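Got the model open in your viewer? Let's walk through it one selection at a time.

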Amino acid sequence: ANMGRKLRAGLTDLAENHPSLGEIRGTGLHQVIEIVRNRETHEPMNDWNQPLTEPMRTVAATLRELGINTFVRWNWIFCAPPLIITEEQIREALAIIDQALSVSDKHYAG
């Protein structure tokens with residue numbers, strides 16, 4: 001539960017710096033980040049049930065290249081680390097997500 005709170009707090013901090021991070025949903029260590037083109041309208045970076053757009057493919061590739069193997073589907077990034085994750089590992093993952101969100105920010109239209 002403690003690590004889940006740390007993950008959520010870190011994701012919330014990232015939302016302050018990345019306009020393309022539309023919403024964070026989840027509980028505990030299972031969090032989902034929604035990537036949007038416009039935060040006010042919640043226009044998704046990728047339409048539901050469609051192949052990944054170039055921005056989302058690039059976000060997914062950036063995460064993989066930097067060491068995070070996670071599920072990227074439509075306009076969502078799923079954050080579901082193992083329950084034995086440490087605070088240091090959460091900080092490392094958040095730094096990688098920060099870099100990937102910089103990619104999606106370039107396609108933000110809001």
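## Stop one: a serine out of sight

Start by selecting Ser 104, which is buried, with a relative accessible area of 0%. Keep in mind as you go that this is a predicted model. Ser 104 sits in helix H3, and its side chain reaches the backbone oxygen of Leu 101 at 3.0 Å. Now show what surrounds Ser 104: setting aside residues up to four places away in sequence, it touches Ser 20, Ile 35, Met 45 and Val 59.

## Stop two: the nonpolar core

Next, pick out Leu 11, Ile 33, Leu 63, Ile 77 and Ile 97. Within the largest nonpolar core, a set of 27 residues, these are the ones with the most contacts. To see where the core comes from, colour the elements that give two or more residues to it: helix H1 (2-17), strand E1 (21-27), strand E2 (30-38), helix H2 (54-65), E5 and H3. Which element supplies the largest share of this core? That is H3, with seven residues. As background, nonpolar side chains in soluble globular proteins tend to be buried together.

Stay with Ile 97 for a moment. Leaving out its neighbours within four places in sequence, Ile 97 is in contact with Leu 11, Leu 14, Ile 33, Leu 63, Ile 68 and Cys 79.

## Stop three: Leu 14, across from Ile 97

Follow one of those contacts over to Leu 14, which is found in helix H1. Is Leu 14 buried or exposed? Its relative accessibility is 8%, so it counts as buried. Draw a C-alpha to C-alpha distance from Leu 14 to Ile 97 and you should get 8.5 Å, for two residues that are 83 apart in sequence. Beyond residues up to four places away in sequence, Leu 14 touches Leu 21, Leu 94, Ile 97, Asp 98 and Leu 101. You've already met Leu 101: its backbone oxygen is the one that the Ser 104 side chain reaches.

## Stop four: Ile 24 and Thr 62

Select Ile 24 in strand E1. With a relative accessible area of 12%, Ile 24 is buried. Apart from neighbours within four places in sequence, its contacts are Arg 8, Leu 11, Thr 12, Ala 15, Gln 31 and Val 32. For another distance to draw, try Ile 24 to Ile 35: their C-alpha atoms are separated by 9.4 Å, and the two are 11 residues apart along the chain.

Then jump to Thr 62 in helix H2. Why does Thr 62 count as buried? Because its relative accessibility is 14%, and the cut-off for buried is under 20%. Not counting residues up to four places away in sequence, Thr 62 touches Gln 99, Ala 100 and Val 103.

## Stop five: the largest pocket

Switch on a surface and look for the largest pocket, which has a volume of about 360 Å³. To centre your view, select Ile 68, Asn 69, Pro 81, Ile 85 and Ala 93; of the 18 lining residues, these are the closest to the pocket's centre. Two elements give two or more residues to the lining: strand E5 (76-79) and helix H3 (87-105). H3 gives the most, with six residues. Colour the lining by class and you'll find 13 nonpolar, four polar and one charged residues. Ile 68 should look familiar, as it is one of the contacts of Ile 97.

## Last stop: the loops

Finish in the loop between E2 and strand E3 (43-44), where you'll find Glu 40. Glu 40 is exposed, with a relative accessible area of 78%. Its C-alpha atom is separated by 18 Å from that of Asp 13, 27 residues apart along the chain.

In the loop between E2 and E3 you can also select His 42. Check its backbone: His 42 has a positive phi of about 60 degrees although it is not a glycine. His 42 is partly exposed, at a relative accessible area of 33%.

One more selection: Asn 49, in the loop between E3 and H2. What is the phi of Asn 49? It is positive, about 65 degrees, although Asn 49 is not a glycine. Asn 49 is partly exposed, with a relative accessible area of 45%.

Notes: Residues numbered from 1 in each chain as written. Predicted model: local features only at pLDDT ≥ 70, side-chain atom pairs only at ≥ 80, totals over all residues. Heavy atoms only, no water. 1 Å grid on protein atoms, 1.4 Å probe; cavity = no way out; pocket = protein on both sides within 12 Å on 5 of 7 lines; lining within 4 Å. Points joined across faces, edges and corners; volume = space filled by probe spheres on them. Helix = DSSP H or I, 4+ residues; strand = E, 2+ residues; numbered from the N terminus. Nonpolar A, V, L, I, M, F, W, Y, C, P; charged D, E, K, R; others polar. Buried < 20%, exposed > 50% of the residue type's maximum accessible area, 1.4 Å probe, protein only. Polar contact = N/O pair within 3.5 Å; in protein donor to acceptor, adjacent residues only side chain to side chain. Contact = heavy atoms within 4.5 Å. Core = buried A, V, L, I, M, F, W, Y, C linked by side-chain atoms within 4.5 Å.
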